[in-house]
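Student: I'm new to this one, and I'd like a close look at a single part of it. Could you take me through the open spaces and what sits around them?

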Amino acid sequence: MKTLKTQAISWIEDNQDKLMDISWKIWENPELSMQEYYASSLLTDYLDKEGYQVEKGAAGMPTAFLAEYGDEGPVIGFNCEYDALPGLSQDKNCAYPESLQKGAPGHGCGHNLMAIGGVTPATALKSLIDAKKLKARIKIFGTPAEEMCLAKPFFAREGYFKGLDCVLDWHVMPYTKAGFTECVAFFNFQYHFKGRTAHGNSPWLGRSALDAAVLMGNALEFLREHAQPGKPGGETTLNYTFADIGGGPNVVPDRATLWCVGRMGDSESMRQLAARVDDCANGIALATGTTVEKEIITMTHEKLPNKTISQVMSRNLELVGMPKFSQEDCRFIAKIQEEAGVEVTPMGRPPLPFECSSMPVNDSSEYSWFAPMDILLIEMVPEGLPLHNWVVTALAGRDAGRQAVMTAAKTLACTAVELVENPQLIEEAKEELRQRQGGRPYEVLLDPKLKPALDANAAEMSKYRK
């Protein structure tokens with residue numbers, strides 16, 4: 001088995017420049033959620049040439065895909081994400097905020113790295129299958145719009161995750177940890193109020209949609225007090241903002257949208273909270289003489305951790321070793337911390353203790369209900385600074401990004417080899433999953449008629465697409 005792992009690592013080292021070229025191109029051409037046409041094309045072109053069977057437009061989403069390879073053995077799933085965040089364009093050579101294009105998106109969560117972070121270990125595994133040294137089946141899920149937690153619930157609803165034996169995922173973080181994480185359930189709704197416009201000198205003739213949205217915001221402030229508490233790292237939150245407000249100060253607005261997201265410890269608590277949010281909207285529409293239409297963007301389950309899979313990751317992370325950041329990047333990161341006014345700390349810290357902990361919401365939680373899975377976390381972000389930040393954009397375009405993704409790819413490839421070579425581990429992980437589910441089946445949260453928000457960010461992206 002050690003020889004197979006060494007061969008997988010060697011394949012990654014021999015092919016990393018070609019794969020990093022894809023990552024750098026995605027970094028240079030960031031695309032918002034559901035608009036990742038360039039990134040998706042780069043990835044599917046590569047996979048086509050590598051001999052995968054590629055389904056484009058998977059689950060009804062033009063920028064989604066499924067790539068498959070192999071015809072016998074355990075089914076190993078890999079995750080692939082490639083959407084950027086709005087307003088995080090950043091010059092990778094500046095240790096202070098300096099956009100390449102004002103207002104443009106940027107990879108402030110490192111998804112240009114995650115784009116190849118699933119493809120690379122999967123294709124290293126494929127090289128062993130081609131050499132007839134390993135029997136496995138590979139599935140790579142190209143999932144757009146992770147920043148909206150959008151694609152994977154639709155993949156799940158359409159049955160794409162059935163039949164998996166395990167799923168291996170990873171993410172950049174301010175620390176390194178060999179999986180064993182959970183995350184809370186999540187909803188993302190918009191409430192569109194409609195009223196009747198009127199002149200400001202006779203407002204009694206109108207019905208203000210803005211009044212309704214503001215009152216709903218007030219109601220949510222009170223509702224927060226009654227939401228179930230979370231725990232450190234897995235906080236429960238209810239957030240909102242206002243969007244698409246019609247009219248001006250001298251016109252009674254006839255339309256207004258309240259956009260609300262909620263995080264709860266489990267999907268049942270999330271649905272209970274969502275029902276109370278609905279009650280706020282419906283009651284306020286009645287009180288203000290307006291109407292309200294609810295738009296569901298997405299809903300995701302809580303993530304089920306898997307200690308068995310994570311223990312295998314931990315062994316292989318120890319084998320691969322930590323990212324080796326260059327002196328240039330270490331000086332650059334220290335300067336960022338100085339500019340931000342946070343303590344300068346060294347990069348390359350040892351992994352966090354192996355214990356179950358919480359991580360931010362992500363829609364990879366959907367995988368965890370179908371097969372044993374966990375998410376390897378690799379240090380790239382300096383301590384004291386958050387994700388979804390210009391700092392992440394800069395580092396994701398530098399050698400620091402290469403070090404993070406190649407460490408992850410080698411670890412996941414070796415983890416896959418060990419799981420395939422020792423199927424008893426997969427059975428133990430499946431038994432753990434059954435225990436964590438406690439008899440609860442996966443329940444589709446999205447209405448069968450609901451379509452993915454394909455036009456999300458289309459207007460904004462059109463301003464910046466080359």
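Student: What volume does the largest pocket have?

Tutor: Keep in mind that this is a predicted model. The largest pocket has a volume of about 1200 Å³. Its lining is made up of 42 residues, and those nearest the centre are Glu 147, Met 148, Phe 186, Arg 263 and His 388. If you go by elements, S5, S7, S9, S11 and S12 each give two or more residues to that lining. S11 gives the most, with 4 residues. By class, the lining of the largest pocket splits into 25 nonpolar, 12 polar and 5 charged residues.

Now for the strands behind those names. S9, S11, S7 and S12 belong to an open sheet of 4 strands, in the order S9-S11-S7-S12, with antiparallel pairing. Strand S9 (237-243) and strand S12 (291-300) are at the edges with a single partner strand each, so each has one side without a neighbour in the sheet. From one strand to the next, the twist averages 15°. Look at S7 (residues 185-194) and S11 (residues 255-264): 10 bridges join them in the antiparallel sense. To find your place in that pairing, look for Tyr 191, which stands opposite Leu 258 in S11.

Two helices lie across this sheet. Helix H6 (residues 209-224) crosses S7, S9 and S11, and runs at about 170° to S9. Helix H7 (residues 267-288) lies across S7, S9, S11 and S12, and its angle to S7 is about 10°.

That leaves S5, the other strand on the pocket's list. S5 (residues 166-173) pairs with S3 in the parallel sense over 3 bridges, and Ile 76 is the residue opposite Cys 166 in S5. S3 also pairs with strand S4 (residues 137-142); these two run parallel and are joined by 6 bridges. There, Cys 80 has Gly 142 in S4 as its bridge partner. S3 itself (residues 75-80) is mostly covered, with 6 of its 6 residues buried. Val 75, Gly 77 and Asn 79 point one way from S3, while Ile 76, Phe 78 and Cys 80 point the other way, and all are buried.

S5 turns up again in a closed space. A search of the whole structure finds 1 cavity of 30 Å³ or more, and the largest cavity holds about 50 Å³ of space. S5 gives the most to its lining, with 3 residues. The residues that line this cavity include Asp 169, Trp 170 and His 171, along with Glu 81, Met 114 and Glu 146. Met 359, Asn 362, Ser 364 and Ile 375 line the cavity too. By class, that lining has 4 nonpolar, 3 polar and 3 charged residues.

There's one more open space to visit. The second largest pocket has a volume of about 320 Å³. It is lined by 19 residues, and the closest to its centre are Glu 28, Asn 29, Pro 30, Tyr 464 and Lys 466. By class, you'll find 8 nonpolar, 7 polar and 4 charged residues in the lining of this second largest pocket.

Technical notes. Residues are numbered from 1 along each chain as its sequence is written. This is a predicted model: local features need pLDDT of at least 70, side-chain atom pairs count only at pLDDT 80 or more; totals for chains, interfaces and linings use all residues. Side-chain values use heavy atoms; hydrogens and water are left out. Buried means under 20% relative accessible area, exposed over 50%, partly exposed in between (1.4 Å probe, protein chains only). Two strands pair if DSSP finds at least two bridges between them. Axes are lines fitted to C-alpha atoms, for helices over the stretch in contact, and angles run from 0 to 180 degrees between N-to-C directions. Contact means heavy atoms within 4.5 Å. On a 1 Å grid over the protein atoms alone, a cavity is a set of points where a 1.4 Å probe fits but cannot get out, and a pocket is an open set with protein on both sides within 12 Å along at least five of seven lines; lining residues have an atom within 4 Å of a point. Grid points are joined across faces, edges and corners, and a volume is the space filled by probe spheres set on the points. Ala, Val, Leu, Ile, Met, Phe, Trp, Tyr, Cys and Pro count as nonpolar, Asp, Glu, Lys and Arg as charged, and the others, Gly among them, as polar.
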